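Colleague: Could you take me through one part of this chain slowly, strand by strand? I'm new to this, so plain words please.

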Amino acid sequence: MVKVHVCAVGTSLLKNSLDEDSVRKEVEKLGLKDWDKLRFDDDRQNRIKQNFDPLKSLLFNFLKSKGKKASAELDSLFSAFEKLKQTKDEIYVLLYSTNTPNAQLAGEAIKDYLKEEGIRSELVTVSTISSEETFYKRIEDLFDKVVYKILKFKEQGDYVYINATSGLKPETIFLTLAGLLAGADLIYYKYQEFDEVVILPSPPITISPKYLELLIRFANSGYTLSEMRAEELGIPVRILEEKNLVERKGEDAYRLKDWIRKLLGIYLPIGIQNNYYKVIVEGEGEKVFYNEVEAYDFMEKKRKEGKKVRVEVPDKVYFLGL
């Protein structure tokens with residue numbers, strides 16, 4: 001059974017490396033003195049891209065000389081490994097960074113260090129946040145590249161731990177909630193003030209059945225509805241808009257937010273064409289449906305009875321939490 005640690009990658013490694021004279025001199029030669037603070041659209045990001053391999057080697061050597069304390073990511077990860085008494089052969093680290101060259105550089109150096117330490121890992125990149133609009137695009141990216149991976153790990157029977165120490169705080173909060181919805185087992189945070197990992201409350205959570213039912217009904221009727229049609233279906237679109245679950249399109253139409261469509265994938269693969277939906281109820285066996293609405297209604301009924309339920313489609317398993 002694998003112990004999967006999900007961890008965002010920031011630029012603390014780049015910042016800390018400037019304390020080393022040899023690193024600082026090389027970085028300053030390239031005009032990258034503040035390379036940890038570069039905006040996504042800073043022209044100097046191209047200099048990092050052009051010198052990626054030598055800069056990665058520079059950082060890797062810095063990491064080998066300083067160890068886990070050289071970055072917030074490694075410090076919190078190794079502290080958690082120790083606290084949870086986990087061995088290197090059972091650990092797998094899922095790192096994710098933005099697609100900016102400085103963040104990717106930090107991520108690649110950290111991944112190489114983990115490999116050197118005998119720890120398996122992978123690095124995925126998500127889109128950069130530059131506005132409110134791109135924040136939601138990044139949330140969609142997190143679903144595709146991180147949250148759905150958590151689902152897959154849980155399908156395989158693995159344990160999933162979310163490291164909430166590094167990364168942008170709004171994003172980390174969202175990933176923590178989405179991770180718990182997807183079945184993550186534990187959330188932890190490394191407090192630098194007293195140099196200790198704290199295990200945060202990690203209760204299993206699910207979307208309120210009231211709202212989940214409304215969102216499923218909306219999606220099954222089309223991702224864009226007129227206000228009149230929504231009213232006919234009993235969907236209070238203005239309340240959903242207040243909760244940022246739908247957005248107004250034109251004067252009288254509403255559309256499900258794209259990230260909500262991704263979120264619904266945790267519960268039911270809406271919009272994905274499959275031949276069947278196999279619903280498995282704890283203690284009762286399985287039942288096959290050929291209609292996703294019928295499958296969802298049956299799952300919801302069993303969930304209200306307090307049963308653990310999941311639905312299987314080819315190559316995927318979707319959980320409906322209690």
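**A close look at one hairpin and its neighbours**

Modeller: Sure! Keep in mind that this is a predicted model. Let's begin with strand E5 (residues 186-191) and strand E6 (residues 196-200), which pair in the antiparallel sense over five bridges. One spot to look for is Tyr188, which stands opposite Ile199 in E6. Together E5 and E6 make a hairpin, with four residues between the two strands. While you're in that turn, check out Asp195, whose phi is positive, at about 50°.

Now look at the other partner of E5. Strand E4 (residues 159-163) runs parallel to E5, and three bridges join them. Here Tyr161 has Leu186 of E5 as its bridge partner. How do you get from one strand to the other? Helix H8 (residues 169-181) belongs to the picture too: E4, H8 and E5 make up a right-handed β-α-β unit.

Let's zoom in on one residue of E4, Asn163. Is Asn163 buried or exposed? Its relative accessible area is 2%, and the cut-off for buried is under 20%, so Asn163 counts as buried. Its side chain has polar company as well: there's a polar contact with the side chain of Ser76 at 2.8 Å, and another of 2.7 Å with the side chain of Thr165. Leaving aside residues up to four places away in sequence, Asn163 touches Val6, Cys7, Glu73, Ser76, Leu77 and Tyr188. That brings us back to the hairpin, since Tyr188 is the residue opposite Ile199.

Definitions and conventions. Residues are numbered from 1 along each chain as its sequence is written. This is a predicted model: local features need pLDDT of at least 70, side-chain atom pairs count only at pLDDT 80 or more; totals for chains, interfaces and linings use all residues. Side-chain values use heavy atoms; hydrogens and water are left out. Two strands pair if DSSP finds at least two bridges between them. A crossover is right-handed if, with the strands pointing away from the viewer, the path from the first strand over the helix to the second runs clockwise. Buried means under 20% relative accessible area, exposed over 50%, partly exposed in between (1.4 Å probe, protein chains only). A polar contact is a pair of N or O atoms within 3.5 Å; within protein, one must be able to donate a hydrogen and the other to accept it, and residues adjacent in sequence count only if both atoms are side-chain atoms. Contact means heavy atoms within 4.5 Å.
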